[in-house]
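Me: I would like a close look at one part of this protein, then its surroundings. Keep it brisk.

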Amino acid sequence: MELLDKELQKYIEAHTEQEPEVLKRLSRETYAKVLMPRMLSGHLQGRLISMMSHMIAPMNILEIGTFTGYSAICFAEGLREGGKVYTIDINEELETMVRRFFKESGVEDKVEYIIGNALEVIPTLNKEFDLVFIDADKINYLNYYEMVLPIVRKGGFIIADNVLWSGKVVGEGKIDKDTRAMLEFNDFVNKDERVQNVLLPVRDGLMILRKL
C-alpha cells in the first residue's frame, strides 16, 4: 500500500539522510533475489529506526524477524559502546546472505544472529532490553508483545512493524487471519496502561510503544 503520493514520497526520501552504500546494495540484492522483498525496511524507515536508535543509545536491542538484515544494521548504528543487537529469524535459507552483509556493513561484532523460533529463543536470552523491534509473523504479535514487555527496561521502547497491514485494518469485507491479528494487537496496546503509544504512518505503519 502506498500511503503517500509517489512524487511526495520521492521528495521525502530526497530530503532524508541517504542510505549507506552497503544498505543500497543489500536492498538491490534483496529485490533481485529474495521472495517478498517488500518486507525489507527500506530507505525512509531504515533512517527513522537508525535515528531512534541513536536517540535511545541502547545497550541491548532485540529484533524479532531478521529477514535480510537491513533493519538490524540500522539499529546497530545507534548502539552505545559494547552494545549488541540480538536478532532472531526462523528462516535459515537467508543466513549466508545476512551474515555477509553484517560483515560488509561493519556490524558483525555488534549483532548476534540467532536462527530459531522466537517464542522458544526469547526466554533463553536472559537480558534486559532498551529497545525491541517486532517484525515477524503477525499471528503471534500479541504473544511476542506479552513475552518481551517484562524484559524491556522501564522507559524502554517496543516498535511493531506492519501495523497498518497494507490498509486492511480499515478495509471492508472479509477479514483474513493476519488482518484480524493486527486489529487485535493495535486495539490491545492502545488500551494497555503499561505503555504509551503512537502509531506512525511510515510505510506499512509503525506502532511505537514506551514502557511506563
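What span should the 15 residues of helix 3 have at 1.5 Å a residue, and how far apart are its end C-alpha atoms? Please go on from there to the core and the empty spaces.

Reply: This is a predicted model. Start with the length of helix 3. Its 15 residues, at 1.5 Å a residue, should span 21 Å, counting one less than the number of residues. The end C-alpha atoms lie 21 Å apart, so the two values agree.

Next, burial. Helix 3 runs from 42 to 56. Its buried residues are G42, H43, Q45, G46, R47, I49, S50, M52, S53 and I56. Buried here means under 20% relative accessible area. An α-helix has 3.6 residues a turn, so residues three or four places apart point the same way. After helix 3 comes A57, with a positive phi near 50 degrees.

Now the core. The largest nonpolar core has 33 residues. Within it, F75, V85, F102 and I159 touch the most other members. Helix 3 is one of the elements that each supply at least two residues of this core. Helix 2 (21-33), helix 4 (70-76) and helix 5 (95-104) are also among them, as are strand 3 (111-115), strand 4 (129-134), strand 5 (152-161) and strand 7 (206-211). Helix 4 gives the most, with six residues.

Take F102 as one example. Leaving aside neighbours within four places in sequence, F102 is in contact with T66, G69, A72, I73, T87, V107, E108, V111 and Y113. Another core lies apart from the largest one. That other core has 30 residues, including Y86, I122, V152 and W165.

Then the empty spaces. A search of the whole structure finds one cavity of 30 Å³ or more. The largest cavity holds about 50 Å³ of space. Its lining is M39, L40, S41, G65, T66, F67, T68, G69, Y70, S71 and D135. By class, that makes four nonpolar, six polar and one charged residues. T66 and G69 appear both in this lining and among the contacts of F102.

The largest pocket holds about 830 Å³ of space. It is lined by 32 residues, and M39, F67, D135, A136 and D137 are the closest to its centre. M39, F67 and D135 also line the largest cavity. Strand 2 (84-89) and helix 6 (118-121) each supply at least two residues of the pocket lining. By class, the lining of the largest pocket has 14 nonpolar, eight polar and ten charged residues.

Definitions and conventions:
Residues are numbered from 1 along each chain as its sequence is written. This is a predicted model: local features need pLDDT of at least 70, side-chain atom pairs count only at pLDDT 80 or more; totals for chains, interfaces and linings use all residues. Side-chain values use heavy atoms; hydrogens and water are left out. A nonpolar core is a set of buried Ala, Val, Leu, Ile, Met, Phe, Trp, Tyr and Cys residues joined through side-chain atoms within 4.5 Å. Buried means under 20% relative accessible area, exposed over 50%, partly exposed in between (1.4 Å probe, protein chains only). Helices (H or I, at least four residues) and strands (E, at least two) are DSSP runs, numbered from the N terminus. Contact means heavy atoms within 4.5 Å. On a 1 Å grid over the protein atoms alone, a cavity is a set of points where a 1.4 Å probe fits but cannot get out, and a pocket is an open set with protein on both sides within 12 Å along at least five of seven lines; lining residues have an atom within 4 Å of a point. Grid points are joined across faces, edges and corners, and a volume is the space filled by probe spheres set on the points. Ala, Val, Leu, Ile, Met, Phe, Trp, Tyr, Cys and Pro count as nonpolar, Asp, Glu, Lys and Arg as charged, and the others, Gly among them, as polar.
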